[in-house]
There are 2 protein chains.
Amino acid sequence: MGNTSLERRYTPLIILLLVAALVATIGLWATERAGSERGETQHIAAAGGDSYEWKMVTTWPKNFPGLGMAAENFSKLVEEMSDGRLTVHVYGAGELVPAMQVFDAVSQGVVDAGHGAAYYWKGKVPSAVFFTSIPFGLNAQEMNGWLHYGGGLELWQEAYAPYNLVPMAGGSTGVQMAGWFNKEINSIEDLKGLKMRIPGLAGEVFANAGGTAVTIPGGELYTSMQTGVIDALEWVGPYNDLAFGFHEVARYYYYPGWHEPGSILEFVVNKDSLEALPEDLQAIVVTASRAANQDMLDEYTARNNAALQSLIDEHGVQLRRLPDDVLLALWKGTQVAMEKLVADDPMAAKVYASYRKFYQGVRNYHHISEQAYINARDVAIGDDEL
Amino acid sequence: MGNTSLERRYTPLIILLLVAALVATIGLWATERAGSERGETQHIAAAGGDSYEWKMVTTWPKNFPGLGMAAENFSKLVEEMSDGRLTVHVYGAGELVPAMQVFDAVSQGVVDAGHGAAYYWKGKVPSAVFFTSIPFGLNAQEMNGWLHYGGGLELWQEAYAPYNLVPMAGGSTGVQMAGWFNKEINSIEDLKGLKMRIPGLAGEVFANAGGTAVTIPGGELYTSMQTGVIDALEWVGPYNDLAFGFHEVARYYYYPGWHEPGSILEFVVNKDSLEALPEDLQAIVVTASRAANQDMLDEYTARNNAALQSLIDEHGVQLRRLPDDVLLALWKGTQVAMEKLVADDPMAAKVYASYRKFYQGVRNYHHISEQAYINARDVAIGDDEL
């Protein structure tokens, strides 16, 4: 994202998932396609009330841990609450459409709904990055506040309206880690020539700060790190990183995360599909997405904590902190990237204005509340246990 | 809470709300009672499917900002999603039962459901404090992680099962402020003799740390502070505090909050009422509560931020930080109070063990994630604007 290369618009996470999904599901795909033709909403009139069948395509492999569970949760909640009147069939990336065609497929009514992340569609909708995460931006709690009580969701709806899409928050990973490094970073000098797999807007910022951002498909990351093709990579956080085994091929695990501080995933629903439902089922769709949205952050909060303990206790991972001058350089790089982002797109500028206003207020508030508390807890407790 | 005086078990917040509700709703109460007799679930068989009417009593005045909105949101979501097959009538404190009888009324099936906070029932269920908030404990994000993916909710259900109650998370205020003070606190010496309105477990801790905890009904707080009857008070946070006008009678607004770092409110449902519903309506009840749970934190995050700006810019409120030695003394006082709390109650000890294990893990994780990020943001951005 943030440059003109098509490949750069695809985050490596997505590329890995796409590859994995394509390989694993080619048989399933063929089977599904035989029964699906075009994915128009199935609408069956029945004695107990009309019933509906939806197809939801996602940018993740089927049942992918964490990220992929929001769609499964959504489907389960909708089915239970509607007593089966609305069934949502969830498809992994590549089963019906490739990951990077989720937006278009839902927009065009090929399918009814999708799950992914808004910043994947930045090429079409430059303002979309604000609805996922931006470097040094809002964390998960702050994003949810902005979206649901700060005007963010209304702007998101406005940005997607030309595409006949209704967006909803679809979960959060919380703060993502700065990533895995094979070189120790002691100052900004150590970024020079450092080849890091870091995609999209963050990659642009990393390059602005003096590093070399490269794009490598997720499936090749482990080997690339092992063979020295890259010096560093970022992924998600302990829960997902542990599963990929990056601790086996990388020397240090770096923090703090800076590039995706509270990534919000998204549900998108085709407006016609949504409006074809009776009002109770529409309400069920909106509320199921809201519940699935919180559920993902709850899961990541619990599982990241357990995975970090495993990384440290069982795998001897070495944690390192990014030095202040590196953080400062990344911040300067962010300012340059943001100016570029909003310069040519009035909607991006409009969303940025709303985001900034909320950001400044909530940052001030969290200086004396969440942030002040979580730091005070350390002052008071130190190495004691609760 | 935390001592044997009945009055101490009522937080002043509740007392204020109770007084307000009683005065304001005495007429409504009479009217409602005439139509309600006992509040058993109304179950009406109809052509389009059976329909149900529930009564939900709350510990807040009707439509109380923030805290009182979870019940209203829940009712609205349930009504919309069920197409009116389940209607939930929400009653403010004192309209059907006094605030402090919500637990018993739902337990006994006088009404179907309630909204309040688990720690109000500590006299009956000592472990209940862990399901709301404890001093220096989990913040809102961490509480939601523990409840929904760390075994917390299952323990809560176990603790309430003997009362025929099903509990669910019912919103969060986020970190509550340390409160309003008329004396500057520069060291632990300044706590000596300081008369602070601070109820419950936190009051016990405050006394352990050398202060004088007093209990005063919420409705008298403004005048008590104005006339010097008390030197300090705690309430909720900027959004609710601004509305009460404490900035008019108190010199300093103190942080960090330490006593209620992520208070979770609760929905309680009578088990028989829940099981009398068909499965789809049961799913609607559970999911509506989950959505309302997140909604409250989103609202507080946005409105606290706006209210703090007003307090500072328009009312010239002076923010002060509690010194480290005071935080340390409060922590020592917390340890004493916790030992006392779990000593005599096996269930409290069991819940504490689960809470501690999650706490230690998530605190370590947040040292390198949420906490590391929110501090790094300041290092990088400083006084710049996003």
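Reader: Leaving aside neighbours within four places in sequence, with which residues is B:L341 in contact?

Author: Two residues are in contact if their C-beta atoms lie within 7 Å. In this predicted model, B:L341 is in contact with B:P126, B:V129 and B:A348, once neighbours within four places in sequence are set aside. B:L341 itself is placed in helix α12 of chain B, which covers residues 324–343.

Reader: Is B:L341 buried or exposed, and why?

Author: A residue is buried if 20 or more other C-beta atoms lie within 10 Å of its own. B:L341 counts as buried because 22 C-beta neighbours fall inside 10 Å. As for separation, the C-alpha atoms of B:L341 and B:N182 are 31 Å apart, with their positions 159 residues apart along the chain.

Reader: How many helices and strands does chain A have, and what share of its residues count as buried?

Author: Chain A contains 14 helices and 12 strands. Of its 386 residues, 60% count as buried. Among contacts in chain A between residues at least 6 apart in sequence, 80% join residues at least 24 apart.

Reader: What turn and what shift lay chain A on chain B?

Author: A turn of 180 degrees, with a shift of 0.0 Å along the axis, lays chain A on chain B with an RMSD of 0.0 Å. This is therefore the relation of a two-fold axis. Both copies use the same surface, since 100% of the contact residues of chain A recur in chain B.

Reader: Which residue of chain A comes closest to the rotation axis?

Author: That residue is A:A291, whose C-alpha lies 2.4 Å from the axis.

Conventions
Residues are numbered from 1 along each chain as its sequence is written. Chains are lettered from A and ligands numbered from 1 in the order in which they are written. This is a predicted model: local features need pLDDT of at least 70, side-chain atom pairs count only at pLDDT 80 or more; totals for chains, interfaces and linings use all residues. Helices (H or I, at least four residues) and strands (E, at least two) are DSSP runs, numbered from the N terminus. A residue is buried if 20 or more other C-beta atoms lie within 10 Å of its own, exposed if 12 or fewer, and partly exposed in between; C-beta atoms are placed from the backbone. Copies are superposed by least squares on the C-alpha atoms of residues with pLDDT of at least 70 in both.
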